[in-house]
Each structure stands twice: as structure tokens, then as C-alpha cells.
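Work through the exercises below with the sequence and the structure at hand. Each task is followed by a solution in steps.

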Protein chains: 2
Amino acid sequence: MLVWEQPEPPDRPTPAPLSRERIVQAAIRLADADGLDAVSLRKVAGELGVGPMRLYTYIATKEVLLDLMVDAVYTEIRPTGDGWREVLVALADAVRQAAHRHEWLADLIGGRPQLGPNTLASGEVVLAAMGGVDLDTVVPAVAAVNAYVIGAVRREIAERRAERASGMDKHQWQVTYGPYLERIFATGRFPALESVVRDGPHLDADESFRTGLDFVLDGIEARISR
Amino acid sequence: MLVWEQPEPPDRPTPAPLSRERIVQAAIRLADADGLDAVSLRKVAGELGVGPMRLYTYIATKEVLLDLMVDAVYTEIRPTGDGWREVLVALADAVRQAAHRHEWLADLIGGRPQLGPNTLASGEVVLAAMGGVDLDTVVPAVAAVNAYVIGAVRREIAERRAERASGMDKHQWQVTYGPYLERIFATGRFPALESVVRDGPHLDADESFRTGLDFVLDGIEARISR
DNA sequence: GTATCGCTCGATACACTGTATCAGGACTGG
DNA sequence: CCAGTCCTGATACAGTGTATCGAGCGATAC
């Protein structure tokens, strides 16, 4: 049989060049689009035109994929500023903005210790910019701001989701939960809560985040200038 | 055929008397023992001697089961104290203690808005005890403490798990991660981080939680007495 | 007392998950 | 040119949350 008639060997699809980087980016794309539940190894692999098992060459476990995702968004978190206070504000804002861009971050942040290179780099620039402040204060100060940010961001995203799930905006939300709360309040068992909901301030998300952050920073400042 | 020879109708097992309460308690038992991943509808049902589908009469979705679990532990959170500061400390401690008893709480807390009766009751006693403080301050103050507590508890539990997973105590943990950090530091890219780890303070969990909380409370106090 | 209705129960089924195993083929070292 | 190694991806397994639906019971209507 002449060469000309021989079939070419079947083009086996050029094995897509893979890397942890590409895998993580694909996972992030999926999570951004459809939430963390949409991140399954099969879907990530599909996104890359590859069999699911292929991924295990690069990541040992789904958990480490999630860790890598978190570390990857820390790329976007490089706070700067003049003086410790500005830096901590920048840190808090950067994390919050990242969580706005990647809502799934709220589900993961604080859930496991992060020691990835980007997270460490982010910590490095913060610590480096805290110049002048005594080490015994720096550590708890950064820790406190981080803790506050984690909690505040989680709550903010949780509320945003609840609103979105039940119609559209804050008004819609009140329409949905309002009657429930009315019924609860009608029992008379929650007078303090009731008066707060009725007469309390209605801060928007930005203000509310910033006010809490200022509490933390003022407390730190009090200690520094003691 | 005589009656005597007729087989009794098969004793259909007396349907276990069920209730949301019993289901939630079973789920909490499982989660306490083996972590949140051990809470599957099948296992919960099994624990109650019941088919999985039976549960859907009481709970629409697994998510609401988780919500109910969180609300159930808020039964244990009824902070009291003299004056707003004591109350907020009591709140923070109560949540932290609850998370120590139920580590899975760290995975859920802050993840979805909580409007269950026990959570509301807990909020009620806090607000009721904040007497004297102006409404415009009470709301952000409680919110800030809650946010801080959520973040701090998450981090604490995350660290505890990491330690447990890698041997036993804090010493063992340093043995495991120490070399990794050494290698990282050897790159010279993280000088500030390095000096903090080497020369910074080593607070234990209680101190660290309390210090951060004090920052928040001091910040609030500054605003109140302004 | 009997027939019918409605409802509750739980078996079965489905689509999907993370991951262990392993046969086959491609590539590399001798 | 051959042997051995390694990588790849198919297959398989145990488990998940939940939709569907037939069978059986208890309550209701005559």
C-alpha cells in the first residue's frame, strides 16, 4: 500500500498545555460566573478541554484548588498608603473590593490558613508599611483588622445574595422579609429589636463597613498613642 | 385458611415521631462528632431510623437544615452584663465558646443572614442591654462586634484544625510549617514578615481574641464619649 | 358499614460529585 | 531498536441532594 493511501495517524488532540495557573484561572472563571457550587473538577477540566483526572497531576485535592483560588485573588491585594492607618484602610478596602469582584471569596476567606505566596506578599507589604509601630502592637492590629474585614465582608455578601435571591433591591427585600418581621414583632417578644429596626439608622453598605473599620482603627490608635 | 395460620401483617415500624427539632438535633450531633461534611440527609435520616425522603416533610432543602442548625446553637447565646461594654464582651465570648463546642459553626456563621427566632432572641437581649447608648451608635457597634467575632472565630478554628491535622499541638505545627516558612524567608522577599515571625509576640488564642475585641470596643467607647 | 378520597411514606431513580484504579500508549534511556 | 518508565484518560465506586410516584393507610362521606 502506497504512503499516499495510508491514513494519517488520527490527530490525537494536542494535549492542552496545562498548568496550575491555567487550572486556577478556569476555576475562578466558573466561580465568578456561577458561584462556588459550579466549580467541580469535571467542569474545570471541561473548560480546559481535558479529562477530569488530568487535573490530579497538578492539584492533589479539590481543597487545594480552592486554596489556590484564594491565593490567586490575593494578587489583586497590594495595599499601600502613608502611615499605618492608611495602609490598614487600603487593606480592608482591597479585600472588600476583591470580594465584590469574586463573591465566592466570601465563602472561603478565613476558612483555612492561607500561606500561599500571594497572600504572604500581601501581608508583607502591609507589615512593611506599618513602619514605626511597635511589633507588639502591629501583630494584633493587623490580626484585628483582618478578622473584622472577614466578618464584615461575609455579612455584606450574604445580604447581597439574599436580596438578589428575593427579587432585586433593598426595597424588594423589605417587601419579602418585612411581613415576616412584622409577625415576629407582633408577638411583643422583641421590643428592643423592633425599635431598632423602626427607628434605627439605615446605613448603606459602604458607610456601615467604614464605620466598623473606624472603630477598630480608633481602638488601635488609642493603644499606639498610649 | 384459619386466622391462626394467617401471618400477622408485617409490623410496619412505628413511624418514628419526627420534628424539625429532632432532625436538627441529630444533624448537630453528627456535625459535632465528624464535622459538617458528615451531615448528609441520608445520615441524618439514618440517625433517626427513617428514610431520607421523610425529612423533606420538615425541611425544604439542605440549606435550611444548616440555617436551622445555626439558629439552634444561638439558644446557647444569651449574653448579659452591666452596661454596653460588658454585654458586648459577653456576646463575643458566648459566640466564641459556642464555636468551640461546635466547630462547624465557624463554617456557617456569617454565611447567610440569620433571622431565626433564637438568633433574634439573642440580638434582642443584646440590644435591650445596650441601654443609654444612642441608637445611631448601637447599630454600627453591634454590627462591628459581630463582624469581628465572625472573622476572629473563623481564623481561630481554621488554625486549630490545621494544627490538629498536622500532628498535635502548636509545637508540632511549627515543625511542619516551619521549614516551609524558612524556605520562603530564605528568598529574602519577605523581610518584614520574617522579622514579625521571628521577633513578634506569640499571643495565645484567648489573648489574641481579647486584644482584637478590645480594639473594637475602645473604638466604640471613643465614639460614645465624644 | 362501606366506598372513596386524599395524603403521607419511603423505594426507586437521576444527575452529579470527588477520587482510586489501571490498561494502553507515548516517550525516554540504553 | 528495544525495554522500561511515565503519563493519560476511561472506567468504576461510593456517596451526594432531590424529583417522582406507586402503594398503603386513615379519615371522610354516604
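**Exercise 1: the contact between the chains**

The contact takes 51 residues from chain B and 51 residues from chain A. The model is a predicted one.

Task: find which helices of chain B each supply at least two residues of the side that touches chain A, and describe that side by class.

Solution. Step one, the helices: α6 (117-128), α7 (135-165), α8 (170-186), α9 (191-199) and α10 (205-224) of chain B meet this condition. Step two, the shares: α7(B) gives the largest, with 19 residues. Step three, the classes: the side of chain B that touches chain A has 31 nonpolar, ten polar and ten charged residues.

**Exercise 2: two packed helices**

Task: state how α10(A) and α10(B) are oriented to each other, and list the residues that make their contact.

Solution. Step one, the geometry: α10 of chain A (residues 205-224) packs against α10(B) at an angle of about 95°, and the axes are 6 Å apart. Step two, the orientation: angles of 65 to 115 degrees count as roughly perpendicular, so α10(A) and α10(B) are roughly perpendicular to each other. Step three, the residues: Asp214, Phe215, Val216, Leu217, Asp218, Gly219, Ile220 and Ala222 make the contact, from α10(A) in chain A and from α10(B) in chain B. Step four, the classes: these residues divide into ten nonpolar, two polar and four charged.

**Exercise 3: the nonpolar core**

Task: name the residues with the most contacts inside the largest nonpolar core, then trace the neighbours of A:Tyr148.

Solution. Step one: the largest nonpolar core has 107 residues, and A:Ala27, A:Tyr148 and B:Tyr148 have the most contacts inside it. Step two: not counting residues up to four places away in sequence, A:Tyr148 touches A:Gly212, A:Leu213 and A:Val216, as well as B:Ala144, B:Ala147, B:Tyr148 and B:Gly151.

Definitions and conventions
Residues numbered from 1 in each chain as written. Chains lettered and ligands numbered in written order. Predicted model: local features only at pLDDT ≥ 70, side-chain atom pairs only at ≥ 80, totals over all residues. Contact = placed C-beta atoms within 7 Å. Helix = DSSP H or I, 4+ residues; strand = E, 2+ residues; numbered from the N terminus. Nonpolar A, V, L, I, M, F, W, Y, C, P; charged D, E, K, R; others polar. Core = buried A, V, L, I, M, F, W, Y, C linked by C-beta atoms within 7 Å. Buried ≥ 20, exposed ≤ 12 C-beta atoms within 10 Å, placed from the backbone. Axes fitted to C-alpha atoms, helices over the stretch in contact; angles between N-to-C directions. Parallel < 35°, antiparallel > 145°, perpendicular 65-115°, else oblique.
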